[in-house]
Amino acid sequence: MRDLEVINNYLETQATKCFNLLYSRYASKIYGKCLTILKDEALAEDATQEIFMKIFLNLSRFEEKAKFSTWIYSITYNYCIDYLRRKQKQENVFSDDEIEKAPEIPDEISDEALIEMEVKHLKNVLDSMPAGDRAILLMKYQDDMSIKEIADTLNRSESAIKMKIKRAKEKAQKLKEELFTHN
Amino acid sequence: MQINNFKRLQEEEEIVYREQHDEKVRAGLLSSLGMFRFVGQVVDMYLPKLFDLLIMAAGGKTDSSATTRGKSIPPSQAPEGTNGKRRPGESMGDDISSR
């Protein structure tokens, strides 16, 4: 059954089997993202529960403009970013004032260099990066979100997102060299 | 097929979630959603009555006291075989459009 059919069915009947179906499809993915961004299992578990509550209480507001997965991942990323903002009392997890004005420079690090990094190394590299960079790399390489979808999710311009991805890739590459080259 | 270790990382985290966290989060969610549904039903059931009560306390006339909602039809006026009982949603037989 497609996501949309399950959603409509849930909205009509509130059936637990529809809840279970959506939960089984997405809970583990949401948890994985929360864990990567928040870096704490207990926090990620609580976040997964709260994000799912948000999703189910706002299910009727889901519009078919985007894929359901994109919609729930947007909720997930925004929840985690807001949480970190509140916790760190930090205005910008995505500090991109300068990025908005920066000229477009071609990407020097290939996608392959990043996505073919050993899983263990990738995990360490992501853990060492700022939360905003982690989130943006997950959106691009794990969720296959387009630049426009990422820009819409984070409420930024597409050029700012391109620049942010470029810088995050550079940071990841640099961290990989620092952490693993001499081993 | 191109390797994407971001996806592999996700798969590993999914396995950990299913083994260690799935049941706890699912149970917590079902309980919270059940609570929300219960509160919603209570509000649905009693909020209109509360409004009626406030209106009556202010000296007004409420819908429920002004209409014949909920009343049964005397058997003498009921269609044959129904014994005056209405099914849910069935009108009393008056076509208000013809008035």
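In the predicted model, Asn155(A) lies in the loop of chain A that joins H9 to helix H10 (158-180). The phi angle of Asn155(A) is positive, at about 60°, although the residue is not a glycine. Most residues other than glycine have a negative phi. Asn155(A) counts as exposed, because 8 C-beta neighbours are found inside 10 Å and the class extends to residues with 12 or fewer.

A second positive phi in a residue other than glycine is found at Asp144(A), where the value is near 50°. Asp144(A) belongs to the loop of chain A between helix H8 (131-142) and helix H9 (147-154). With 13 other C-beta atoms within 10 Å, Asp144(A) is partly exposed, since the exposed class ends at 12 and the buried class begins at 20.

The contact between the two chains draws 24 residues from chain A and 22 residues from chain B. On the side of chain A that touches chain B, at least two residues are supplied by each of helix H2 (16-38), helix H3 (41-57), helix H7 (119-128) and H8, and the largest share, seven residues, comes from H2(A). Sorted by class, this side of chain A comprises 13 nonpolar, six polar and five charged residues.

On chain B, Glu13(B) is located in helix H1, which spans residues 5-20. Glu13(B) counts as buried because its C-beta neighbours inside 10 Å number 20, and a count of 20 or more places a residue in that class. When neighbours within four places in sequence are left aside, Glu13(B) is in contact with Tyr31(A), Gly32(A) and Leu35(A), and the stretch 16-38 of chain A that holds these three positions is helix H2.

The largest nonpolar core contains 46 residues, and among these Ala27(A), Cys34(A), Cys80(A) and Ala135(A) touch the most other members. H2(A) provides the largest share of this core, nine residues, just as H2(A) provides the largest share of the side of chain A that touches chain B. In soluble globular proteins, nonpolar side chains tend to be buried together. For Ala27(A), residues up to four places away in sequence being excluded, the contacts within chain A are Thr48(A) and Phe52(A), while those in chain B are Tyr17(B), Asp22(B) and Val25(B).

Notes. Residues are numbered from 1 along each chain as its sequence is written. Chains are lettered from A and ligands numbered from 1 in the order in which they are written. This is a predicted model: local features need pLDDT of at least 70, side-chain atom pairs count only at pLDDT 80 or more; totals for chains, interfaces and linings use all residues. Helices (H or I, at least four residues) and strands (E, at least two) are DSSP runs, numbered from the N terminus. Two residues are in contact if their C-beta atoms, placed from the backbone, lie within 7 Å. Ala, Val, Leu, Ile, Met, Phe, Trp, Tyr, Cys and Pro count as nonpolar, Asp, Glu, Lys and Arg as charged, and the others, Gly among them, as polar. A nonpolar core is a set of buried Ala, Val, Leu, Ile, Met, Phe, Trp, Tyr and Cys residues joined through C-beta atoms within 7 Å.
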